[in-house]
Amino acid sequence: MNRNELAGMSASEAAKRLLGCELERELDGQTVRVRIVETEAYDETDAASHSYKGRTQRTDVMFGSAGHLYVYFTYGMHYCANVVVGNEGYGAAVLLRAAQPLEGEQLLERRRNGKTGVDITNGPAKLCQALAITKQLNGHNLEKTPLILRLRPALKESVIEQTTRIGISQAKEMPWRFYIRANPYISAK
DNA sequence: TGCCTGATGTTCT
DNA sequence: GAACATCAGGCAC
């Protein structure tokens, strides 16, 4: 993964750039690969972002260098995974909302308690559960095992759908959710 | 199909 | 002490 590429981007540019890219996870001695199909952009000018209120112990990773993983815990039981983007010192990240299994799907199904098909990874917390992403991986460098982000050629604008974000209470009007058009693995609207 | 609610930890006010 | 970038299960329609 070329970290410099993500460092030079705004959160919304990076959110689009990450669509179609792949995550490779080492899990139980197996390799699992998924393709990112849905993202949301957050940065420190954005009232819905954790970095909006400044750098704290919790959000420290978001202000760090691009290409690292920011994991946070929410609603008492769920984790969500973000890819840190932008320049160091600027609090920006891209939330990974949904992905499409490419390899190791059976292992993902097991981890999701027998859920199958699109239900395995069509939501940010589901994705984390399936890929065993917990706060242990907060701050993880995505160039290294056991979780590697592999960039793929940027998708054409024509296959990217852009809408407002989901599941937030602040700055709902910002059209910073992106997903691959007509992909069944995106989360519910 | 679609609303309602319970589960439940961490962070910040 | 409240808010929170959620999910799954239950029940009404």
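By class, the protein surface near DNA strand C breaks down into 8 nonpolar, 6 polar and 2 charged residues. Keep in mind that this is a predicted model. Two topics are covered here: how the protein meets DNA strand C, and a nonpolar patch that includes Tyr75.

**Who sits around DNA strand C**
- In total, 16 residues surround DNA strand C, and the closest are Tyr72, His78, Asn82, Gly167 and Ile168.
- On the DNA side, sugar and phosphate make up 61% of the atoms of DNA strand C that come within 4 Å of the protein.
- Helix 4 (124–131) and strand 4 each chip in at least two residues of the surface near DNA strand C.
- Helix 4 has the largest share of that surface, with 3 residues.

**Polar contacts with DNA strand C**
- Pro124 uses its backbone: a polar atom there is 3.2 Å from a phosphate oxygen of DNA strand C.
- Lys126 goes for a phosphate oxygen too, with a side-chain N or O atom 3.4 Å from it.
- His50 pairs up with a base instead: an N or O atom of its side chain lies 3.5 Å from a base nitrogen of DNA strand C.

**The nonpolar patch**
- Phe73, Tyr75 and Met77 make a nonpolar patch of about 410 Å² on the surface.
- Tyr75 belongs to the loop between strand 3 (69–74) and strand 4 (78–84).
- Tyr75 counts as exposed because its relative accessible area is 69%, and the cut-off for exposed is over 50%.

Methods
Residues are numbered from 1 along each chain as its sequence is written. Chains are lettered from A and ligands numbered from 1 in the order in which they are written. This is a predicted model: local features need pLDDT of at least 70, side-chain atom pairs count only at pLDDT 80 or more; totals for chains, interfaces and linings use all residues. Side-chain values use heavy atoms; hydrogens and water are left out. Patches are made of residues with over 30% relative accessible area and no salt bridge: like charges are joined within 9 Å, nonpolar side chains (Val, Leu, Ile, Met, Phe, Trp, Tyr) within 5 Å. Accessible areas come from the Shrake-Rupley method with a 1.4 Å probe; for residues, only the protein chains shown count as cover. A salt bridge is a side-chain nitrogen of Lys or Arg within 4 Å of a carboxyl oxygen of Asp or Glu. Helices (H or I, at least four residues) and strands (E, at least two) are DSSP runs, numbered from the N terminus. Buried means under 20% relative accessible area, exposed over 50%, partly exposed in between (1.4 Å probe, protein chains only). A residue is near a molecule or strand if one of its heavy atoms lies within 4 Å of it. A polar contact is a pair of N or O atoms within 3.5 Å; within protein, one must be able to donate a hydrogen and the other to accept it, and residues adjacent in sequence count only if both atoms are side-chain atoms. Ala, Val, Leu, Ile, Met, Phe, Trp, Tyr, Cys and Pro count as nonpolar, Asp, Glu, Lys and Arg as charged, and the others, Gly among them, as polar.
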